[in-house]
Amino acid sequence: MNNKKILLGVFVLVALIQLFVPANMIWSREKVLSEGTEYKFKTAPIDPNDPFRGKYISLNFEQNTVEVENADDWIMEQEVYAILTKDEDGYAKISSVEKERPDGEEEYVQAKAFFVSFNGSNKLSLEFPFDRFYMEESKAYDAELVYRESQIDSSQVTYALVSIKNGEAVLKDVMIDGVSIKEIVKSNKDREAEEKTDL
Amino acid sequence: MSIQKEIPELLKAGVINQETASRILDYYRIEKGTSNNRFFIVFGVLGAIITGLGIILIIAHNWDELSRFTRTIFAFLPLVIGQILCAYVLMKRRQSTAWREAGAAFLFFAVGASISLVSQVYNIPGNLGSFLLTWMLLCFPLIYVMRSSIVSLLYLAGITFYACEIGYWSFPTSFPYLFWPLFLLITPHYYLFREKSRSNFINFHNWLVPLSLVIVLGAFSKYHEEFMFTAYISLLGLLYLIGDSEFFRGNKLRNNGYKIIGSLGTVGLLLASSFDWFWESLRRKDLELAELINAPEFLAFIIISLLAMGMFYFNQKNRSLIDIKPLSPIFILFMITFFLGFFSSIAVVLINIYILGLGILIIREGGNQNHLGILNFGLLIITALVTCRFFDTDLSFVFRGIMFVLVGTGFFAANYWLLKKRKVNE
C-alpha cells in the first residue's frame, strides 16, 4: 500500500512536469506577444515539412548579416545577441552584434552565428530563432505560390511580424504588403471556388 | 492442443496415470491463460500507439482557423486524458500488464502531441533534435513509474532518432554525447526485468539495444574513420560476447539480437578489410599521437575495446580454453593487425587467414554440435571470402578457379558428411 502511494506520488510529479513544460512554453510566448515590441523582418519564404509538427514556411531574412571587426572572433552555431534598430521604412535592421547579453536600453534578439565570410568583407550572417511559420497543410504550398508571385511584382514587400522582449522572439504572422499570408491564401481559395461554381 | 485429445487414450492404454494426466491438463490451461493475456497486451498496446500517432497526425494538419486559445486547450486535452488514464491504472489496475503498457504508450504520444502543438501555435522553430530530446526526457519516468517496457522501447527508438538527427542529418552535425546518459537511463529497467527473459518485450530489447548502439556509434566519427572501423569491430565483438554469455545461453537464436548482429557484423567488416585498398590508405596516413588522443573515434575505440576485453574475461572465467568460440577473440586479433597495418602490408594477408580460419573453426563447431546451421554459416564465410578474392584481379584465373571448385565441393562434402553422421547416430 505504501509502495503504491509513493508510486502514485511520483506519477503525479511526472504528470505535473509534463503539464508544466508545454504550459511554460505557452506562458513565456504569451508574455512576449503581449508585452514585446513589434518588428518587421523582410523575408523570402519556402515550404518544407516536419514529420511531427506538420507543414511550415521556412523564412530567409534579407537583413541577416552584420559587419564585424574581425571574422575570426566568431564561430558557427555560437549564441549571439543582435542589437536591433529600424530603417527609414520601419523594417528591422541589425545595428551590431554582441557575444554577451546586452544590459543597456537597446532592443536585442538572441540568435545564432550561421556563416562567417573569410573573404575580407568581415560579414557575419545570423540565424534568427523565428524562421518557421507553421501553416495548415493545404495552405502551405499555396502560400509559397503567393509568395513567388509577390517576388515577380517588385512593388510588393513580404515581411515577418515578430514580437520581441528581453531577447526572446515570437513570430506572429507573415505579411505580404500588410496583409496576412493566411488571409491572401484564403481569399484566393474562395475566389477559385467561386469561379468554379460560376462555370 | 492435440495432446489434450490424446490423453484419454493414453490413460486407457496405461501409458500415464491419472495424476500425470491432470498435471498435463493443468499445464496447458496455464499456458493457454498466458497466451490470452498476451493477446490483450498486444492489442492494448497497438491500439494505444495507433491512436496516439493518429492524434499527432491530426495535430500536424495545423488547424489555423481555430483561435490560439482553442488550440492551446486542444494541446492539453490528449495529455490530460492520458494522465488520467495512467493514474487510474496505477490505482486500480496496477497488476495488469495490458493496462499499464497501453496507458503508458498512449501518454507517451500525448506528450509528443502536446509539445508539437504548442510549437505550432507559437511558431517555435526548435529543430527536430531538441523537440525529440524534450519529448523523451518528459516520458522516460513512465518506464519506471508505469513499469512500462513499451515506453522503454519507444524511448530507445526516440533517443536513437535524436542521435541520428544531431549526428548525421542536421547541418552542421555535432557529436550526440547526450545519447550515452540517456541510454544509461533505461539500463536499470532492462536489468530489473532480466528474470523475465522469455518475455517478448525483453526479446525486442535484445534486438533494439544492440541495433541502436550500432547505429549511433558512427555519429562520433569525423576525421579518423579508420579508428571508427576498429571501434566498430570491438563493438560488434562486445555484442557477440554479450550474446554468448551465460545469461543468453538458454535463449533461442532468433531472440538473441546481440549474437546475430555481433557475428554477422564482425564477419562483414572482416570481409571489407580483406581488400588491400583499406590497408593501403592506412599505410599512407601520417598520424600524430597528440591529435589522435583527442580524437573521439580513438576514445570510443579504447573504451569499447576495454569493455569487450572485460566481457571476454568474464565469459571465459568459468570455461575451459578449448571452449573459446571462434568469433570471440577476433576483435583482439583485429586490433593487433590494425596497428601492424600502419607499418606493414602483411596485415591484409593476416586478415584473409583469420577469415579462412574462422570459417574452418565454425565448420568444425557445426560438426561437433551436429548443427547444420552453424556448419553452413562457416561454409558461407569461406564462400564470401572466395567471392571477395574473385574481384582481386591480381590473382591468376587458374588459382581463383581452383579455389571456387574446392569451396563448391567442400559444401557438398561437409553437408553430406554431417547428414551421414546423423544417420549413423540414429
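Helix α16 of chain B runs over residues 330–341, so let's start there. With 12 residues, α16(B) reaches 16 Å from its first C-alpha to its last, close to the 16 Å expected at 1.5 Å a residue. Keep in mind that you're looking at a predicted model. From α16(B) we'll move on to another helix, then to each chain as a whole, and finally to a handful of single residues.

**Helix α16 of chain B and its neighbours**

- Which residues of α16(B) are buried? They are I330(B), F331(B), F334(B), M335(B), T337(B), F338(B) and G341(B).
- Those buried residues have plenty of company in chain B: they pack against α10 (225–243), α12, α13 (276–283), α15 (296–316) and α17 (346–368).

**Helix α5 of chain B**

- Now for α5(B), which covers residues 128–145 and has 18 residues. From first C-alpha to last, α5(B) reaches 27 Å, close to the 26 Å expected at 1.5 Å a residue.
- Look for a bend of about 30° at L137(B). A proline, P141(B), follows within four residues of that spot.
- This helix is mostly covered, with 14 of the 18 residues in α5(B) buried.
- Just past the end of α5(B) you'll meet R147(B), whose phi is positive, at about 45°.

**Chain B as a whole**

- How many helices and strands does chain B have? The count is 19 helices and 0 strands.
- The C-alpha trace of chain B spans about 80 × 80 × 40 Å along its principal axes.
- Chain B has 426 residues, and 48% of them are buried.
- Take the contacts in chain B with a separation of 6 or more: 71% of them involve residues 24 or more positions apart.
- About 22100 Å² of chain B is exposed, and carbon and sulfur atoms supply 70% of that.
- On the charge side, chain B carries 34 positive and 25 negative side chains, and the centres of the two sets lie 11 Å apart.

**Chain A as a whole**

- Chain A has 3 helices and 12 strands.
- Of its 199 residues, 42% count as buried in chain A.
- For contacts in chain A between residues at least 6 apart in sequence, 62% join residues at least 24 apart.
- The accessible surface of chain A is about 11000 Å², and 49% of it belongs to carbon and sulfur atoms.

**Two buried asparagines in chain B**

- You'll find N123(B) in the loop between α4 (97–121) and α5 of chain B.
- Is N123(B) buried or exposed? N123(B) has a relative accessible area of 5%, so it is buried.
- Setting aside residues up to four places away in sequence, N123(B) touches R132(A), F133(A), Y134(A) and L171(A).
- Between the C-alpha atoms of N123(B) and M146(B) there are 33 Å, with the two residues 23 apart along the chain.
- N256(B) also sits in a loop, the one between α11 (246–249) and α12 (257–272) of chain B.
- Because its relative accessibility is 2%, N256(B) counts as buried.
- Not counting residues up to four places away in sequence, N256(B) touches W207(B), G243(B) and F248(B).

**Positive phi in two other asparagines**

- Here's the background: most residues other than glycine have a negative phi.
- N166(A) isn't a glycine, yet its phi is positive, near 45°. N166(A) lies in the loop between β10 (158–165) and β11 (168–176) of chain A. At a relative accessible area of 51%, N166(A) is exposed, because the cut-off for that is over 50%.
- N370(B) has a positive phi too, about 60°, although it is not a glycine. Its place is the loop between α17 and α18 (372–390) of chain B. With a relative accessible area of 26%, N370(B) is partly exposed.

**T85 in a strand of chain A**

- Where is T85(A)? T85(A) lies in strand β5 of chain A, residues 79–86.
- T85(A) counts as partly exposed, at 32% relative accessibility.
- Leaving aside neighbours within four places in sequence, T85(A) is in contact with Y39(A), Y91(A), A92(A), K93(A) and S95(A).
- T85(A) and F41(A) are 44 residues apart in sequence, and their C-alpha atoms are 11 Å apart in space.

Terms used
Residues are numbered from 1 along each chain as its sequence is written. Chains are lettered from A and ligands numbered from 1 in the order in which they are written. Side-chain values use heavy atoms; hydrogens and water are left out. The expected span of a helix is 1.5 Å times one less than its number of residues. The bend at a residue is the angle between axes fitted to the seven residues ending there and the seven starting there. Buried means under 20% relative accessible area, exposed over 50%, partly exposed in between (1.4 Å probe, protein chains only). Contact means heavy atoms within 4.5 Å. Accessible areas come from the Shrake-Rupley method with a 1.4 Å probe; for residues, only the protein chains shown count as cover. Lys and Arg count as positive and Asp and Glu as negative; His and the chain ends are not counted. The place of a charge is taken as NZ of Lys, CZ of Arg, CG of Asp or CD of Glu.
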